[in-house]
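Student: I would be grateful for a close look at a single part of this model, set out as one connected account. Please begin with one residue and work outward to its surroundings.

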Amino acid sequence: NDTFVGMKAFVFRSRVGSRCVIEPGAIVMGVTIATGRYVPAGSVIRTQAEADLLPRISSDYPLAKLNEGVVHVNKQLAQAYNQRDQ
């Protein structure tokens, strides 16, 4: 819920909590990412100890509201696509 997975990110055999951001190019394998955390771009997270140390998303984290923006843009694209044949 309300989680964003960036381009070229790879999530395999993992659980990702709500309100998370997996930044572009990150690799997450075999771990659980707690709610409200982010995985920095290009990171490789392979142990639960690494996952437990991931930073929390705070109000000053620049991508904190990224998912809302992406959903908004995708809804606009879908509406425009659906209107093209009308």
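**Val5 and its surroundings**

Tutor: In this predicted model, Val5 has a relative accessibility of 43%, so the residue counts as partly exposed, a class that lies between the limits of 20% and 50%. Val5 also belongs to a nonpolar patch on the surface, which it forms together with Val11 and Val16. The area of this patch is about 190 Å².

The strand that holds Val5 is S1, which covers residues 4–5. S1 is part of an open sheet of 3 strands, ordered S1-S4-S7, with parallel pairing. S1 and S7 (38–39) are the edge strands of this sheet, and each of them pairs on one side only. The partner of S1 is S4, residues 21–22; 2 bridges connect them in the parallel sense. At the level of residues, Val5 has Ile22 of S4 as its bridge partner.

Val11, another member of the patch, leads to a second open sheet. Its 3 strands are also parallel in their pairing and follow the order S2-S5-S8. Strand S2 (10–12) and strand S8 (44–45) have a single partner strand each, so one side of either strand has no neighbour in the sheet. S2 runs parallel to S5, residues 27–29, and 3 bridges join the two. The bridge partner of Val11 in S5 is Val28.

The two bridge partners lead to the interior. Ile22 and Val28 both belong to the largest nonpolar core, which has 10 residues in all. The other members are Cys20, Ala26, Val31, Ile33, Val39, Ile45, Ala51 and Leu54. Within this group, Ile33 merits attention for its contacts. Leaving aside residues up to four places away in sequence, Ile33 touches the core members Cys20, Val28, Val39, Ala51 and Leu54. Ile33 also touches Arg15, Val16 and Gly17. Val16 is thus a link in the description, since this residue contacts Ile33 and is also one of the patch residues beside Val5 and Val11.

To place this part in the whole: the chain contains 2 helices and 8 strands, and along the sequence the elements follow the pattern β-β-β-β-β-β-β-β-α-α. The C-alpha trace spans about 55 × 30 × 20 Å along its principal axes. Of the 86 residues, 24% count as buried. The chain exposes about 6000 Å², and 54% of this area is supplied by carbon and sulfur atoms. Finally, among contacts between residues at least 6 apart in sequence, 10% join residues at least 24 apart.

Methods. Residues are numbered from 1 along each chain as its sequence is written. This is a predicted model: local features need pLDDT of at least 70, side-chain atom pairs count only at pLDDT 80 or more; totals for chains, interfaces and linings use all residues. Side-chain values use heavy atoms; hydrogens and water are left out. Two strands pair if DSSP finds at least two bridges between them. Helices (H or I, at least four residues) and strands (E, at least two) are DSSP runs, numbered from the N terminus. A nonpolar core is a set of buried Ala, Val, Leu, Ile, Met, Phe, Trp, Tyr and Cys residues joined through side-chain atoms within 4.5 Å. Buried means under 20% relative accessible area, exposed over 50%, partly exposed in between (1.4 Å probe, protein chains only). Contact means heavy atoms within 4.5 Å. Patches are made of residues with over 30% relative accessible area and no salt bridge: like charges are joined within 9 Å, nonpolar side chains (Val, Leu, Ile, Met, Phe, Trp, Tyr) within 5 Å. Accessible areas come from the Shrake-Rupley method with a 1.4 Å probe; for residues, only the protein chains shown count as cover. A salt bridge is a side-chain nitrogen of Lys or Arg within 4 Å of a carboxyl oxygen of Asp or Glu.
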